[in-house]
2 protein chains.
Amino acid sequence: MPKGDALGGFEQLVLLALAHLGDNAYGVTIRQEIAARTGRDVNIGAVYATLDRLETKGLTRSRTGEPTALRGGRSKRYFELTAEGARALEESVRALESMTRGLNWGELG
Amino acid sequence: MPKGDALGGFEQLVLLALAHLGDNAYGVTIRQEIAARTGRDVNIGAVYATLDRLETKGLTRSRTGEPTALRGGRSKRYFELTAEGARALEESVRALESMTRGLNWGELG
DNA sequence: TGTATTGATATACACTGTATAGGAAATGCC
DNA sequence: GGCATTTCCTATACAGTGTATATCAATACA
């Protein structure tokens, strides 16, 4: 584990998606949320792999839901932030904000 | 190379430091800038390794400066954003912003 | 019964992040 | 001059993260 256990970029995105989705966060919706907001075409396997790692670190937890009465409605695995995950997310977003503060995009490059 | 060649989290930090430092960006000041703004104690080797990778991708360029008349004043290697680097940085910051927009920190965890 | 659909899991590998160790060039002091 | 000291850069190795590919499971409907 790194010293300050900073979040990776994609981990941060996944946590942010969880924060937006509330109690409707599972693999497919998480992927959609990220794609919709960032325009980035995320691979579903990457999402699950990252979710597993976040859970191992104690930043998220998951539970298995009921199967829905939809065709192919397999039971979903719902994910949510833990208190520690919310704290880590907030901290890493603040760090980013303090790095972007006062930047003049016009005079770059 | 990844499909959408998205920036990693630390790469983003380093690019942001370059953007702030302008024509005074070299290993030591970059490290200081990140540490001062994020409170994160960055390893200098990590900075150089990341700068090399960014240069390989064409997001930064570097030139060797004159030695200064200071004790131990070895000639510095100055870094700056390329146009492509500035574009990539702006894009990745915007992606982050659109992920944090409308988030209610109070009701998380 | 079999095929399309929704959703999850496994695995492998490339890319990033980080620590450790060491090298190069300049100064200052004896 | 010679050697320690200072500033800064380079090399390398390995853990951690990011991503793709492939596959499995359960359900509905024809």
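## Interface between the two chains

In this predicted model, chain A and chain B bury about 2,600 Å² between them, with 73% of that area on carbon and sulfur atoms. Buried area is the accessible area (1.4 Å probe) that two parts lose on being put together, summed over both. Arg37(A), Met99(A) and Trp105(A) supply 26% of the area that chain A buries against chain B, more than any other three residues.

The contact (heavy atoms within 4.5 Å) draws 33 residues from chain A and 33 residues from chain B.

## Polar pairs across the interface

Between chain A and chain B there are zero salt bridges, a salt bridge being a side-chain nitrogen of Lys or Arg within 4 Å of a carboxyl oxygen of Asp or Glu.

## Symmetry of the pair

Chain A is superposed on chain B by a rotation of 180 degrees with 0.0 Å of shift along its axis, at an RMSD of 0.1 Å; the fit is by least squares on the C-alpha atoms of residues with pLDDT of at least 70 in both. The two copies are therefore related as by a two-fold rotation axis. Within chain A, Gly9(A) has the C-alpha nearest the axis, 2.3 Å from it. Both copies use the same surface, as 100% of the contact residues of chain A recur in chain B.

## Basis of the values

Residues are numbered from 1 along each chain as its sequence is written, and chains are lettered from A and ligands numbered from 1 in the order in which they are written. Local features need pLDDT of at least 70, side-chain atom pairs count only at pLDDT 80 or more, and totals for chains, interfaces and linings use all residues, while side-chain values use heavy atoms, with hydrogens and water left out.
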